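Please look over the sequence and the model before reading on. The report below goes through helix packing, salt bridges, contacts over long sequence distances and the surface.

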Amino acid sequence: MPAADTTGATGADALEPIPPTKEAPASPGPKKGFGLAAATALVMGNIIGGGIFALPAAVAPYGTVSLVAFLVLSIGAVLLALLFGKLARRSPVTGGLYVYPRDAFGEFAGFLSAWSYWTMTWVSIAALAVATVGYADVLLPLDGNRVLEASVAVAALWLPAAANFAGTRWVGGVQIVSTILKFVPLLLVACVGLFFIDTDNFGPFNASGDSVPGALAASAALLLYSFLGVESAAMSAGEVRDPERTVGRASVLGTVASAVVYLLGTVAVFGLVPHGQLAESGAPFADAVDAMTGGHWGGTVIAAVAVASMVGCLNGWILMSAQMPYAAARDGLFPAAFARVGKGGVPGFGVLACAVLGTALIGLNYTAGPDTTFRVLVLITTFTGCVPYLLSAAAQLYWLARGTRERVRPAGLVRDLIVAALSFAFSFWLIAGAGYAAVYQGVLFLFAGIPVYVWLRGRREEGAARSSSSSSAVT
């Protein structure tokens, strides 16, 4: 069972969170293999993936107000990174966004967070695999063949799944290589592209027909998909060396670096591709590079980088999809199969379940129509991703409220309260911006987990009662 918080009774870590005591049981999870570089690469690799390559076209119909949304999201993501760094110092174990609500509010809150996050991961993985197809089409024209497109999406999902079966060392290595491969050329293109910007291409500030606040919230909810992953280091804290220090640093470094690339890259794409063309583009970054080079070779190169980026992002997200149910299963709040760890140190059943569910959604996507399903999937991930963010921020507020007065440092308390409160408000705002349909469908996904919790809780209590009866009979 993951180590429980040993400092919660005081709640006095407003400025200097107290790490678990030496007597606290260590998390007996997979072997720790991530240092600061690998953990930062995991955060960046999970953040920078399909978002930077696919979403500029998705938010173009809102107008350049979406650039303001990117800036707001960047600030919010840094706040979340600071929040998770603080919480990881309290509970430096695998499955952080499940552990924090569980320790603060009990098992049911922990289960809801775990179920919601797990749902977000495999839905997000399916959406990202579908987004890979648009850039693969630039390299090998698929001519709109649905079977070929679905096959490419499935291959993009299962290749990184195979890397996960090989173990956490392989996952960390792939993350570093894929992050370098995509980060350097992306930053180069973003910076150079700024010199080719045509201001006439930006289009109207608000093209949505809604109010500016409404357009800002709606585009931000869609763009959150591109920032999912800020919690990656906290989710894998059990595999991170010196997690009390490394998780916070890796979260902030990875988030800030990703935000810089996002802002520069998105501004460049908006300024290079005419607004009308961008809104219809299947590979907006490739179109932007073609506009810079005046030909198609540049777009082909960036399409290859985009595919590598997305596959690398899937590599990290598949690991995340296994870590949350792994932590919950060890507490008896997820089926026991999710707690089984293979020789490579990865919960293999969790990886397999994610890959199978993602494949099913890909099949649904190409049956129902990718143009509409991708957007729906992205907005569902906004809701299901923000539920654990909300609960984690609430957990931090709870621990701060329980602080022992004589041990609280006022400056630290104010700072941590501001970070936690703004993180809660930011997550709530994003859920509201996702829209009624996404919230409705997200709630259905969330409530579908309640029977699972009831069944597991009942089976566990029945087993405990039988053990108690057996013990009484023996005595």
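A helix axis is a line fitted to the C-alpha atoms over the stretch in contact, and the angle between two axes runs from 0 to 180 degrees between their N-to-C directions. The model discussed here is predicted.

**Two helices side by side**

Helix α3 spans residues 65-90, helix α10 spans residues 243-272, and their axes come within 8 Å and cross at roughly 175°. An angle over 145 degrees counts as roughly antiparallel, and α3 is therefore roughly antiparallel to α10. Sorted by class, the residues in the contact of α3 with α10 are 17 nonpolar, seven polar and two charged.

The loop between α3 and α4 holds Ser91. Is Ser91 buried or exposed? Ser91 counts as buried because its relative accessibility is 2%, and buried means under 20%. Ser91 and Glu244 are 153 residues apart along the chain, yet their C-alpha atoms are separated by 8.3 Å.

**A covered helix**

Helix α4 runs over residues 96-105 and is mostly covered, with nine of its ten residues buried. The buried residues of α4 include Tyr98, Tyr100 and Pro101. Two residues with charged side chains, Arg102 and Asp103, are also among the buried residues of α4. After α4 comes Gly106, which has a positive phi near 110°.

**Salt bridges**

How many salt bridges does the structure hold? There are five salt bridges in the structure. The table gives three of these pairs with their N to O distances.

| Pair | N to O distance |
|---|---|
| Asp416 and Lys86 | 4.0 Å |
| Arg102 and Asp331 | 2.3 Å |
| Arg457 and Glu107 | 3.6 Å |

The salt bridge of Asp416 with Lys86 has its closest N and O atoms 4.0 Å apart. Asp416 is in helix α16 (residues 410-433) and Lys86 is in helix α3, so this pair ties together parts that are 330 residues apart in sequence. Both Asp416 and Lys86 are buried.

Arg102 and Asp331 also meet through their side chains in a salt bridge. Arg102 belongs to helix α4, while Asp331 sits in the loop between α13 (297-329) and α14, so the pair ties together parts that are 229 residues apart in sequence. Arg102 is buried because its relative accessible area is 7%. Asp331 has a relative accessible area of 9%, so it is buried too.

A third salt bridge joins the side chains of Arg457 and Glu107. Arg457 is in helix α18 (residues 450-474) and Glu107 is in helix α5 (residues 107-139), and this pair links parts of the chain that are 350 residues apart. Arg457 has a relative accessible area of 29%, so it is partly exposed. Glu107 counts as partly exposed because its relative accessibility is 25%. Lys86, Arg415 and Asp416 are joined into one network by salt bridges that share partners.

**Contacts over long sequence distances**

Two further residues, one in each of two helices, have partners far along the chain. Ala129 lies in helix α5. With a relative accessibility of 0%, Ala129 counts as buried. Ala129 and Leu314 are 185 residues apart in sequence, and their C-alpha atoms are 7.7 Å apart in space.

Val378 is in helix α15, which covers residues 370-401. What is the relative accessibility of Val378? The value is 0%, so Val378 counts as buried. Val378 and Met120 are 258 residues apart in sequence and 9.3 Å apart from C-alpha to C-alpha.

**A nonpolar patch on the surface**

Which residues form the nonpolar patch on the surface? The patch is made of Trp158, Phe165, Phe349, Leu352 and Val356, and together these have about 430 Å² of accessible area. The elements that give two or more residues to the patch are α6 (146-166) and α14 (348-368). Helix α14 gives the most, with three residues.

Phe349, one of the patch residues, lies in helix α14. Its relative accessibility is 36%, so Phe349 counts as partly exposed. A residue needs over 30% relative accessible area to be part of a patch, and Phe349 has 36%. In an α-helix there are 3.6 residues a turn, so residues three or four places apart point the same way.

Terms used. Residues are numbered from 1 along each chain as its sequence is written. This is a predicted model: local features need pLDDT of at least 70, side-chain atom pairs count only at pLDDT 80 or more; totals for chains, interfaces and linings use all residues. Side-chain values use heavy atoms; hydrogens and water are left out. Patches are made of residues with over 30% relative accessible area and no salt bridge: like charges are joined within 9 Å, nonpolar side chains (Val, Leu, Ile, Met, Phe, Trp, Tyr) within 5 Å. Accessible areas come from the Shrake-Rupley method with a 1.4 Å probe; for residues, only the protein chains shown count as cover. Helices (H or I, at least four residues) and strands (E, at least two) are DSSP runs, numbered from the N terminus. Buried means under 20% relative accessible area, exposed over 50%, partly exposed in between (1.4 Å probe, protein chains only). Angles under 35 degrees count as roughly parallel, over 145 as roughly antiparallel, 65 to 115 as roughly perpendicular and the rest as oblique.
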